[in-house]
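Colleague: I'd like a close look at one part of this model, and I'm happy to get a long answer. Here is the thing itself before I ask.

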Amino acid sequence: MKLQPASRKELSRIALGTLICDGVMIAALFLLSLVGVGTFDVFRILLGAACGSVVAVANFAILCLTVQSAVEIENKKKMKARFQLSYNVRLCLQAGWVVLCFVLKPIHFVAGAAPILFPNVVIFFLQSRNKLFPPSNAPAKPMADEDEPEDTLGPFEV
């Protein structure tokens with residue numbers, strides 16, 4: 001399946017934001033090493049940041065592909081099952097990466113594991129600046145007197 005243009009745009013925003021967060025993390029690790037907290041091993045930190053960012057962006061890409069494919073499903077139970085399977089696979093991917101960061105000595109643990117959180121940081125930043133949805137594509141707020149049935153899925157039950 002191919003990513004739609006809107007998904008590609010969001011994926012590129014997440015990738016750019018993750019790259020910026022990587023720079024901040026590397027600078028923070030350098031400053032911490034100057035005050036005696038840990039050592040700054042450039043190769044280990046860059047390897048961890050690069051691989052962790054790839055895992056984080058790939059995780060977001062899988063999410064985009066899942067949403068695109070689930071839109072076509074008419075049955076809500078099947079749609080929920082698809083989202084649950086995707087969530088479990090993505091969670092296992094992240095957990096496996098964190099375990100690899102801990103086990104493999106050439107990878108700095110913090111530099112490898114922290115990028116998994118960076119897409120969330122980017123999304124929260126975009127939300128705080130009201131730039132997550134452009135004004136023309138902003139979701140309409142439901143009116144209180146609508147007679148449509150509410151969606152049974154909560155925000156975290158995908």
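To set the scale, how much accessible surface does the chain come to, and what percentage of it belongs to carbon and sulfur atoms? After that, please zoom in on the nonpolar surface patch: which residues make it, and which elements give two or more residues to it?

Modeller: Sure. Keep in mind that this is a predicted model. The accessible surface of the chain comes to about 11,000 Å², and 69% of that belongs to carbon and sulfur atoms. Of the 158 residues, 30% count as buried. The fold is easy to describe: five helices and zero strands, so to speak α-α-α-α-α when read from the N terminus. If you take the contacts with a sequence separation of 6 or more, 70% of them come from residues 24 or more positions apart.

Now the patch. About 640 Å² of nonpolar surface is made by Val99, Leu100, Phe102, Val103, Leu104, Phe109 and Val110. Two elements give two or more residues to this patch, namely helix 3 (76-103) and helix 4 (109-113). Helix 3 gives the most, with four residues.

Let's go through some of the members. Phenylalanine 102 has a relative accessible area of 59%, so it counts as exposed. Phenylalanine 109 has 36% relative accessibility, which means it falls in the partly exposed class. Valine 110 sits in helix 4, and at 43% relative accessibility this valine is partly exposed too.

The aromatic members deserve a moment. The structure holds two aromatic pairs. One joins phenylalanine 30 and phenylalanine 40: the ring centres are 5.2 Å apart and the planes stand at 80°, so this pair is edge-to-face. Phenylalanine 30 belongs to helix 1 (residues 5-34), while phenylalanine 40 is in the loop between helix 1 and helix 2 (42-70), so the pair ties together parts 10 residues apart in sequence. Both partners are partly exposed, phenylalanine 30 at 39% relative accessibility and phenylalanine 40 at 29%. Phenylalanine 102 and phenylalanine 109 form an aromatic pair as well, again edge-to-face, with 5.9 Å centre to centre and 80° between the planes. Phenylalanine 102 and phenylalanine 109 are both on the list of patch residues, so if you cut the patch out as a fragment you'd be taking that pair along.Next to the patch residues in sequence is histidine 108, in the loop between helix 3 and helix 4. Is this histidine buried or exposed? Histidine 108 is buried, because its relative accessible area is 14% and the cut-off for buried is under 20%. The histidine 108 side chain also links to the patch member valine 110, reaching the backbone nitrogen of that residue at 3.4 Å. Not counting residues up to four places away in sequence, histidine 108 touches Leu29, Arg44, Ile45 and Gly48.

For contrast, here are two polar spots elsewhere in the chain. A search of the whole structure turns up one salt bridge. Arginine 13 forms it with glutamate 10, and the closest N and O atoms are 3.2 Å apart. Arginine 13 and glutamate 10 are three residues apart in helix 1, which means about one helical turn separates them. Arginine 13 also has partners far along the sequence: leaving aside neighbours within four places, it is in contact with Val122, Leu126, Lys131 and Leu132. With leucine 132, the separation is 119 residues in sequence but 9.9 Å in space, C-alpha to C-alpha.

The second spot is serine 69, in helix 2. Its relative accessible area is 16%, so serine 69 counts as buried. The serine 69 side chain makes a polar contact with the side chain of arginine 82, at 2.9 Å. Apart from neighbours within four places in sequence, serine 69 is in contact with Met1 and Arg82.

Conventions: Residues are numbered from 1 along each chain as its sequence is written. Side-chain values use heavy atoms; hydrogens and water are left out. Patches are made of residues with over 30% relative accessible area and no salt bridge: like charges are joined within 9 Å, nonpolar side chains (Val, Leu, Ile, Met, Phe, Trp, Tyr) within 5 Å. Accessible areas come from the Shrake-Rupley method with a 1.4 Å probe; for residues, only the protein chains shown count as cover. A salt bridge is a side-chain nitrogen of Lys or Arg within 4 Å of a carboxyl oxygen of Asp or Glu. Buried means under 20% relative accessible area, exposed over 50%, partly exposed in between (1.4 Å probe, protein chains only). Rings of Phe, Tyr and Trp (its six-membered ring) pair if their centres lie within 6.5 Å; planes under 30 degrees apart count as stacked, over 60 as edge-to-face and the rest as tilted. A polar contact is a pair of N or O atoms within 3.5 Å; within protein, one must be able to donate a hydrogen and the other to accept it, and residues adjacent in sequence count only if both atoms are side-chain atoms. Contact means heavy atoms within 4.5 Å.
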